[in-house]
Structure formats: C-alpha cells, structure tokens
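Morning, everyone. Please look at the screen while I talk. I'll take it piece by piece.

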Amino acid sequence: MNPLAQYVVDVPDFPKPGILFRDITSLLRSHFPEAVDALDALWTAEEWSHADAVAGVESRGFILAAALAARRGKGFVPVRKKGKLPPPVVEREYALEYGSGVLEMQRGEGRLILVDDVLATGGTLAASAALATDAGFRVLHTGVLIDLGIAKDFRCLGAASRSVLRYGG
C-alpha cells in the first residue's frame, strides 16, 4: 500500500447521500511535496521531454499540475469550469458521477500531460482530453493522484490513465 494513502480521508455521503468522497486536503496539507514527487514519477524523463506543458483540471488538478509544470520547467494550461476564462474559449459538456457540467479552455498548441486529482467515472478526464484536442493541443498522457477504481479499464485517447493511488482493486 502506498504510504500516501493514509492521508486521504474518507467522507461518507458527500456531496450527496451514497457518495464516498476521498478528500485529499490532509494529504496536500501534510505531504504535498511527496504527492507531487509521486505524480512526477508517473512519467519517464523521456516522456516529460516530449511535453510542452501540463494541463490541470479545475480546481484541485490546478494545484497538482501547476506544481509539476514548475518542477519540470513546463508551461501550465488551465481547464476551467464554464465562465471562468475570458473569451475566446472552446467548451465541452460532460457528465459527472452526480451531475453534469461544462469545461472550457483557451485555444493553443503544443503537447500536454493532463493532470487531475481524482478519476471516478472518467467523464471529467475524458472531456478534458477531448477539449484539449478541440482547442488545438495534443494530449500525450493523462494522470491522476487517485483512481477510485470505478471506471474499470478506463482509457483516454487510447491509453490507460496513470495514477499514484488506486482504490477498488
């Protein structure tokens, strides 16, 4: 078992009854450098050398992706909720495990590593990757701090997403 797992707090019935929320706040507060180290290690030096930037999904994905971008000397590209970026933007609607939403990005180019905090159903990560492609970027790899194990055999743009912690098998 990954030692970082002990700092993830289970919050039952949040944000609604029946959902078990895996809260990374304690992990970020007490072991942020180790979490960033573990994410960084998901990709080889060669894989990092091919990336121009790290994209992060709002909001906790920003924290992780920005730290990785700074560490690797790469740019940072935000994937935001609707209405948070000035135009022009490209948008994509997506399904959440307990609702739906719209993500936006500004147009750009280059090769990205796409990072989020948690992979649940895969809807947010898949929508973010498709959005990045629509916005002119090429997504090389995807990764998350936690894979909840809900989306068995999840693949994004033809490849498995990488994770530091995995629950559910």
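I'll go through a helix, then the cores, then two single residues. Keep in mind that this is a predicted model.

Start with helix α1, residues 25–40. How many Å does α1 span between its end C-alpha atoms? Only 19 Å. A straight helix of 16 residues would span 22 Å, at 1.5 Å a residue. Now look at His-31. There is a kink of about 105° at His-31. The proline Pro-33 comes shortly after that kink.

Which residues of α1 are buried? They are Ser-26, Leu-27, Leu-28, His-31, Ala-35, Val-36, Leu-39 and Asp-40. So the kinked residue, His-31, is on the buried list too. The cover over these buried residues includes two helices, α2 (45–50) and α3 (60–72). It also includes the strands β1 (9–12), β8 (137–147) and β11 (162–166).

Next, the cores. The largest nonpolar core has 29 residues. Which members touch the most other members? Leu-68, Val-115, Leu-145, Ile-146 and Leu-165. Five elements give two or more residues to this core: α1, α3, β7, β8 and β11. Another core, of 24 residues, lies apart from it. Ala-53, Leu-114, Ala-129 and Ala-132 are among its members.

Stay with Ile-146 for a moment. Beyond four places in sequence, Ile-146 is in contact with Val-8, Arg-22, Ile-24, Asp-117, Val-118, Leu-119, Leu-165 and Tyr-167. Two of those partners are worth a visit: Asp-117 and Tyr-167.

First, Asp-117. You'll find Asp-117 in strand β7, residues 110–119. Is Asp-117 buried or exposed? Its relative accessibility is 6%, so Asp-117 counts as buried. What does its side chain meet there? The side chain of Asp-117 makes a polar contact with the side chain of Arg-60, at 2.4 Å. Arg-60 is also on the list of residues that Asp-117 touches, not counting those up to four places away in sequence. The others on that list are Ile-24, Gly-61, Leu-64, Val-144, Leu-145 and Ile-146.

Now Tyr-167. Tyr-167 sits in the segment after β11. Tyr-167 is buried, because its relative accessible area is 15% and the cut-off is under 20%. How far is Tyr-167 from Arg-22? In sequence, they are 145 residues apart. In space, they are 9.9 Å apart, C-alpha to C-alpha. They are also in contact. Leaving aside neighbours within four places, Tyr-167 further contacts Ala-5, Val-8, Ile-146, Asp-147, Leu-148 and Gly-149.

Notes: Residues are numbered from 1 along each chain as its sequence is written. This is a predicted model: local features need pLDDT of at least 70, side-chain atom pairs count only at pLDDT 80 or more; totals for chains, interfaces and linings use all residues. Side-chain values use heavy atoms; hydrogens and water are left out. Helices (H or I, at least four residues) and strands (E, at least two) are DSSP runs, numbered from the N terminus. Buried means under 20% relative accessible area, exposed over 50%, partly exposed in between (1.4 Å probe, protein chains only). A polar contact is a pair of N or O atoms within 3.5 Å; within protein, one must be able to donate a hydrogen and the other to accept it, and residues adjacent in sequence count only if both atoms are side-chain atoms. Contact means heavy atoms within 4.5 Å. The expected span of a helix is 1.5 Å times one less than its number of residues. The bend at a residue is the angle between axes fitted to the seven residues ending there and the seven starting there. A nonpolar core is a set of buried Ala, Val, Leu, Ile, Met, Phe, Trp, Tyr and Cys residues joined through side-chain atoms within 4.5 Å.
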